[in-house]
Amino acid sequence: MSAVVKDWMLVRGVVFHLDSSLPTEAKILLEDFRLAVNNAIRAGLQARVTSRNALVKIAYKDFREQHPRMYAQHLVSAFEVAGSVLKNHRRRVRKCVTVRIPFVKRLMMKAENQAYKLNRKSGVIDLPIRAGCHVELRLVVSQYHRKYLDDMALSLGSLTVLPDRVIVAFRKDAPKPYAPDSVISLDTNERSLDGVLVTDDAGMAIKAEFPEVAIIQQRHHDRRKRLQKKKAHDRRTIRNLCRMEGTREHHRIDYRLHEVANSVLKFAEERKSAIVLEDLKGMRRKRSKELNRRLSMWPRRKLHQIIEYKAQWRGIPVVKVDPRNSSRTCPICGRIQDSRMGTEFKCECGWHLDRHINASINLLQTAISKGMAGGLWFDPGAFQHDVMMILYEPAMAARSEPNGTSGIPGVT
Ligand SMILES: [Zn+2]
């Protein structure tokens, strides 16, 4: 069978700091670019168009006159940025969210890959400002950055220049996911990923813990509450302070989620495993406000996003399945229970297992029954034992290499 394979380009934005502050010419370019973007937004709103090409058609000539010295490629790129702002705006108008006329406040500029040069050895960017005027941006290059600069399988995408840093997009063709030799099935909980690894001849329980995520959420929630009480008279201040709190919280949680995702993916890659996750898209919100916050879905969705994205980049297959009843079903006899309380799942047929591990077995069975996990077969009964392999736990954050994989693989 010869199928036409659609090749995907994966993009990863890598942040670089600059060796020294931005040259004056570049600062002026940022201002001009922002002005051009905002003018293009206005022109697009008036003409009711949102695509870059349509914007170029209606506004390029005027723009050339208004910005006679700007490098033509940058001008086109400004239309591109304006186009995406306009599309967002249109989406929100359609959703009937009350929206203001969009306006770009942040100083920024974007250059497509033909519109700048990056010397990948020296880490110097040559950015044209206008005919006969270029500036050099010297990047601070760490070991982390070297990985991207030296990997010639990665091509350069757009460059985003901000007042204090630049973002270089690296692109590559999505690698074809490998044919798995084993499967990891994971149930995603508030404080951990719990699941099983199943290979041809063995199975074992696995776990990656991130209790700090819930703790951080709680701490920031309390802090926000206090802020709201203290500044009750000033709505705008509350909003700003809370937004700052939220950003900080997200950064701190993000960092941990990346660590967890990395250890799961490393484990999967070493065993050529496919990863089964629950599809969180349809999860309904809990009723009470308190429960809603405590069990906030955001970190779980975010963790899935990170795992899926990194897996795609590394060619690790990921399968998502409907989690309905996964925490209430007995994998042996198929009975569905009414309640899902308690840390252990117990069934009338005599089956009992850690509730989260049990859920992951159900997810795996769904994946297998739908033919999404290759030709793997497994016996749920094999998991009733106490061997548990820890892929990640908070103490590992302090070490450079997680050594959780030094357990006893294959013990049943
Ligand atoms: Zn049962």
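**Group meeting: helices, sheets and a zinc site**

Let me begin just past the end of a helix, where Gly-315, the residue that follows H8, has a positive phi near 75°. I should say at once that everything I show today comes from a predicted model, and that the numbers are computed from its coordinates.

Helix H8 itself covers residues 298–314, which makes 17 residues, and from its first C-alpha to its last it reaches 24 Å, close to the 24 Å expected at 1.5 Å a residue. Which of the residues of H8 are buried? They are Pro-299, Arg-300, Leu-303, His-304, Ile-306, Ile-307, Lys-310, Ala-311 and Trp-313, and I would point out that this list includes Arg-300, His-304 and Lys-310 alongside residues such as Leu-303 and Ile-307. As background for reading such a list, an α-helix has 3.6 residues a turn, so residues three or four places apart point the same way.

The other helix I want to discuss is H1, residues 24–47, whose 24 residues reach 35 Å from the first C-alpha to the last, close to the 34 Å expected at 1.5 Å a residue. Just after H1 there is again a positive phi, this time at Arg-48, with a value of about 60°. The buried residues of H1 include Leu-29, Leu-30, Phe-33, Val-37 and Ile-41, together with Asn-38 and Asn-39. What covers the buried residues of H1? The cover includes two helices, H2 (52–66) and H3 (72–94), and also the strands S2, S4, S5 and S6, the last of these being residues 155–161.

Strand S2 takes us to a single residue, Ala-111, which lies in that strand, residues 109–111. Ala-111 counts as buried because its relative accessibility is 1%, whereas the cut-off for that class is under 20%. Leaving aside neighbours within four places in sequence, Ala-111 is in contact with His-74, Ser-77, Tyr-116, Leu-127, Ser-158 and Leu-159. Ala-111 and Gly-157 are 46 residues apart in sequence, while their C-alpha atoms are 9.0 Å apart in space.

Strands S4 and S5, which I mentioned as part of the cover of H1, belong to an open sheet of 3 strands in the order S3-S4-S5, with antiparallel pairing. Its edge strands are S3 (117–119) and S5 (133–138), each of which pairs on one side only, and the twist averages 25° from one strand to the next. Between S4, residues 124–130, and S5 there are 6 bridges in the antiparallel sense, and within that pairing Pro-128 has His-134 in S5 as its bridge partner.

There is also an open sheet of 6 strands, in the order S12-S11-S8-S9-S10-S15, and here the pairing is mixed. Why is one side of S12 and of S15 left without a neighbour in the sheet? S12 (318–321) and S15 stand at the edges and each has a single partner strand, so there is no second strand beside either of them. In this sheet, too, the twist averages 25° from one strand to the next.

Walking through part of that order, S8 (residues 182–188) is joined to S9 by 6 bridges and the two run antiparallel, with Leu-193 in S9 as the bridge partner of Thr-188. S9, residues 192–198, then pairs with S10 in the antiparallel sense over 7 bridges, and these two strands form a hairpin with 4 residues between them; in that pairing Asp-194 stands opposite Lys-207 in S10. On to S15, residues 388–392, which runs parallel to S10 and is joined to it by 4 bridges, with Ala-208 opposite Tyr-392. S10 itself, residues 203–209, is mostly covered, since 6 of its 7 residues are buried.

I will finish with the zinc ion, whose protein donors are the SG atoms of Cys-330, Cys-333, Cys-347 and Cys-349, lying 2.2 to 2.3 Å from the metal. In sequence these donor residues are spaced C-x2-C-x13-C-x1-C. How is the site arranged? It is tetrahedral, with angles of 106 to 116° among its 4 donor atoms, and for reference the ideal angle for four tetrahedral donors is 109.5 degrees. Two of the donor residues fall into separate accessibility classes: Cys-347, at 10% relative accessibility, counts as buried, whereas Cys-349, at 36%, counts as partly exposed.

Technical notes: Residues are numbered from 1 along each chain as its sequence is written. This is a predicted model: local features need pLDDT of at least 70, side-chain atom pairs count only at pLDDT 80 or more; totals for chains, interfaces and linings use all residues. Side-chain values use heavy atoms; hydrogens and water are left out. Donors are N, O and S atoms within 2.8 Å of the metal (3.2 Å for Na, K and Ca); water is not among the atoms, so sites may look incomplete. Four donors count as tetrahedral if all angles lie between 85 and 135 degrees; four count as square planar and six as octahedral if opposite donors are over 155 degrees apart and all others between 65 and 115; anything else is irregular. Buried means under 20% relative accessible area, exposed over 50%, partly exposed in between (1.4 Å probe, protein chains only). Two strands pair if DSSP finds at least two bridges between them. The expected span of a helix is 1.5 Å times one less than its number of residues. Contact means heavy atoms within 4.5 Å. Axes are lines fitted to C-alpha atoms, for helices over the stretch in contact, and angles run from 0 to 180 degrees between N-to-C directions.
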